[in-house]
Amino acid sequence: MSDIVRLLRPSQWSKNAVLFAALIFSKHLFDIRYVELVGASFFVFCAMASGAYVMNDLRDCERDRQHPLKSLRPLPSGRVSRGTATVLALVLMGAGIAGAVTLGRGFATMAGLYLALQVAYTFWLKEVVILDVMAIAAGFVIRAVAGGVVIRVPVSPWLVICTFLLMTFVGFCKRRHELVLLEARATDHRASLREYSPYFLDQMIAVCTASTVVAYAIYTASPEVIKKLGTDKLYVTIPFVLFGIFRYLYLVHQREEGGNPTQLVLSDRPLLANLLLWLLTAVLLVYVGL
């Protein structure tokens, strides 16, 4: 049972927290009805994400055996059978879609798009250089949009832009870690890695870093955003964004981490504290008007 739980990767469910972004910035954070809807959507995406992870592990089982860390997972190690994993993946994805339907047609559409993207990523996109990372980022964008759709509030283009740029940055950092960690065995683990090099990845990471910071800075000073949120002081959160990105780059380049972005954010105290301070400051500015 513990291996089945590990196969579901509950530690990765925190990625679905992006569903709450629209709730927070639409000023409905303290509306219990809206919170319940987004909470339900969170569990729907957790079920679909776990099903997608199992599907991905089934697809990559042989390759993962070549990875020093992924070889310890339940499927590559043989502790969970392929038959059990197949049934589990189908049940989880089916339950997720069924739950999405109960939350409305629009949300069900977003859930279906997310699941279609996961299938495309598992069987095709993950092997295509650059598109592999953009597909990961698109998955976060779909989550962010779904969080607004489920409570029927307009989703800001800035939320889409900033989410996509930030997660593209994280995705390229992850590819760099894989390339450096596996060295000569990198292409045996992931075919797209043969098209990357540390220098090439560093160039794309630099572009994503600058783009993310500039996009967020413009967002905080946008007249439309100021009018919608009722504060012209959101720019004070820019230092948190800068520190978060710089700290992440430090961990990737100086400590050679970044293979598991979720674990990295949750385990690095300065990074986690910075994230919480950014969120607290943003909430105070939007809801209290400090």
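Which helices are included in what covers the buried residues of α15? In this predicted model, local features need pLDDT of at least 70 and side-chain atom pairs count only at pLDDT 80 or more, whereas totals for chains, interfaces and linings use all residues. Residues are numbered from 1 along each chain as its sequence is written, and side-chain values use heavy atoms, with hydrogens and water left out.

Helix α15 (residues 269-288; helices are DSSP runs of H or I with at least four residues) has 20 residues and reaches 27 Å from its first C-alpha to its last, close to the 28 Å expected at 1.5 Å a residue. The buried residues of α15 (under 20% relative accessible area, 1.4 Å probe, protein chains only) are L271, N274, T281, A282, V283, L285 and V286. Their cover includes α2 (21-25), α12 (223-229), α13 (238-253) and α14 (261-267), where contact means heavy atoms within 4.5 Å.

Helices α13 and α15 pack at an angle of about 165°, with their axes 9 Å apart; axes are lines fitted to C-alpha atoms over the stretch in contact, and angles run from 0 to 180 degrees between N-to-C directions. The two helices are therefore roughly antiparallel, a term for angles over 145 degrees. On α13, the contact involves F240, V241, F243, G244, R247, Y248 and L251, which meet P270, L271, N274, L277, W278 and T281 of α15.

Helices α3 (residues 32-59) and α7 (residues 105-123) pack at about 15°, with axes 10 Å apart. Helix α3 is therefore roughly parallel to α7, as angles under 35 degrees are classed.

Terms used
Parallel < 35°, antiparallel > 145°, perpendicular 65-115°, else oblique. Expected span 1.5 Å × (residues − 1). Buried < 20%, exposed > 50% of the residue type's maximum accessible area, 1.4 Å probe, protein only.
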